[in-house]
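Let's take a friendly walk through a protein model together. Have a look at the sequence and the structure, and then read on.

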Amino acid sequence: MAVEGAVLDELRAAIGKYVVLPSEEALTAVTLWVAATHIQTALQHAPRLAVVSPTKGCGKSRVLDVLHETVHQPMMTVNTSPAVIFRIIGKNPPTMLVDEADTIFGPKASGDSEILRGLLNAGHQRNRPAWRISGPEHKPTPFPTFAMAAIAGIGDLPDTVMDRAVVLRMQKRKPGERITPFRSRYSVPELNALRDRLTAWLGPLRGQAARMVPHMPVEDRAADTWEPLVIIADLAGGQWPAQARAACLAMTRHEAAQDEQSSLKTRLLRDIHRIFAQADNPEALATQDLVAALLQDAEAPWAEHGTKGLNAYHLSNLLRDFNISPANYRFDKGRQAKAYMRNRFLDAWARNCPDLVEAAPEPEHGAAPARMPQGRPPAAPAGTLPVGPPGGPAGPTRAL
């Protein structure tokens with residue numbers, strides 16, 4: 001087993017040379033995930049690898065570059081249609097590498113995004129085909145969906161995909177963190193050699209892998225997702241079985257904490273939407289007024305947040321991931337205070353609470369376009385916050 005473990009050791013070192021991953025456990029997980037793609041045909045579950053980050057420039061695409069040279073039969077795509085994927089997956093499926101997933105699953109995504117999400121969900125488990133009408137005779141035809149997939153994007157993927165994934169939460173490198181530049185001339189041959197050694201080692205072991213029922217430190221879907229990685233570790237022996245189970249525990253617990261925090265932040269967005277609506281959707285709400293309104297809801301968790309209840313500091317921290325922050329704002333009668341602009345919440349509401357976003361009403365046939373109300377325009381806010389939606393033109397915004 002020492003030889004097999006050495007292959008994983010070298011793969012782990014090579015991956016760590018080209019990308020800075022969030023933790024040692026994450027590096028272990030990626031190494032085992034890559035190796036597991038080489039025994040896909042023996043597995044009952046095909047774990048997704050979710051490579052997500054809060055902003056661009058965190059190394060997501062570089063992770064996919066490394067995976068492309070080491071996984072079994074890579075299929076790199078940015079905007080492939082579900083119909084193409086249905087026809088590519090077969091008895092010996094490729095490993096799908098999907099970049100820029102935020103453009104696929106974002107609020108402006110096409111109808112194909114739901115089809116792709118369903119495919120990714122179904123393909124996590126063997127024998128979950130997608131049925132389509134196909135051929136000149138229009139016969140109902142089952143298309144295989146089972147295939148391992150790595151999906152990279154800014155922000156979290158849909159919950160149902162994240163729930164079936166080993167999650168890498170990438171961050172920008174610190175000033176002292178160094179990596180080796182990825183150069184095709186030198187890097188690809190090195191990584192391809194490791195890929196070929198993985199194939200030579202694991203190919204004859206597919207039958208053994210299919211019979212293995214490893215002890216798992218987690219249960220339910222998390223166990224299904226991590227079992228292929230633990231199987232690889234048990235085949236390798238040495239320190240790998242213990243490292244794999246430690247990584248499984250650490251990363252699933254981290255995601256459980258993230259889920260709890262995410263639910264709290266979604267609740268906060270909804271409560272703030274309600275507070276703005278109750279105030280007739282003003283352009284801005286003073287921070288102290290917004291905090292006071294949140295604390296008044298007896299059924300909300302805000303009175304128990306922290307040691308003494310939610311305060312302005314807590315509110316700012318919870319909203320930071322949505323790129324929402326307060327700024328100085330001049331209210332009526334010259335009063336100036338820290339405040340939250342309503343239009344800074346529009347994107348977060350659309351992405352995280354789409355049911356709160358009302359469609360713009362269609363004008364009646366022959367009706368004249370609605371005119372903007374006359375009167376004095378609102379005072380421009382002090383500080384750096386824009387008057388229009390982020391990334392859009394300045395001007396009045398429609399109410400949600």
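Phe 331 is buried, with a relative accessible area of 17%, a value that falls in the buried class because the cut-off is under 20%. Keep in mind that you are looking at a predicted model. Tyr 329 is buried too, at 8% relative accessible area. How are the rings of Tyr 329 and Phe 331 placed? Their centres are 4.7 Å apart and their planes make an angle of 70°, so this pair counts as edge-to-face. Phe 331 has a charged visitor as well: the charged end of Arg 335 sits over its ring, 4.6 Å from the centre.

Now move along to Tyr 340 and Phe 345, whose ring centres are 6.2 Å apart with planes at 50°, so this pair is tilted. These two residues, Tyr 340 and Phe 345, are both buried. They also belong to a cluster, in which ring pairs link them with Phe 276 and Trp 349. Across the whole structure, a search turns up 6 aromatic pairs. Elsewhere, you can find the charged end of Arg 126 over the ring of Phe 146, at 4.1 Å from the ring centre.

Next, turn to the nonpolar cores. The largest one has 63 residues, and the members that touch the most others in it are Leu 21 and Leu 67. Which residues does Leu 67 touch, leaving aside those up to four places away in sequence? They are Val 30, Trp 33, Val 34, Leu 49, Leu 97 and Ala 150. Another core, of 25 residues, lies apart from the largest one; among its members are Leu 264, Leu 268, Phe 276 and Tyr 340. You have already met Phe 276 and Tyr 340 in the ring cluster.

Finally, look for the sheet. It is open and has 5 strands, paired in parallel and arranged in the order S2-S3-S6-S1-S7. Why is one side of S2 (74-77) and of S7 (165-169) left without a neighbour in the sheet? These strands stand at the edges and each has a single partner strand, so nothing in the sheet flanks the other side. On average, neighbouring strands are turned by 15° against each other, ignoring direction. Inside the sheet, S3 (residues 95-98) and S6 (residues 149-154) run parallel and are joined by 3 bridges; Val 98 has Ile 151 of S6 as its bridge partner. Helix H3 (residues 60-68) packs on this sheet and touches S1, S2, S3 and S6. Helix H2 (residues 24-36) lies across S1, S3, S6 and S7, running at about 135° to S7.

Terms used: Residues numbered from 1 in each chain as written. Predicted model: local features only at pLDDT ≥ 70, side-chain atom pairs only at ≥ 80, totals over all residues. Heavy atoms only, no water. Phe/Tyr/Trp six-rings, centres within 6.5 Å; stacked < 30°, edge-to-face > 60°. Buried < 20%, exposed > 50% of the residue type's maximum accessible area, 1.4 Å probe, protein only. Lys NZ or Arg CZ within 6 Å of the ring centre and 35° of its normal. Core = buried A, V, L, I, M, F, W, Y, C linked by side-chain atoms within 4.5 Å. Contact = heavy atoms within 4.5 Å. Pairing = 2+ DSSP bridges. Helix = DSSP H or I, 4+ residues; strand = E, 2+ residues; numbered from the N terminus. Axes fitted to C-alpha atoms, helices over the stretch in contact; angles between N-to-C directions.
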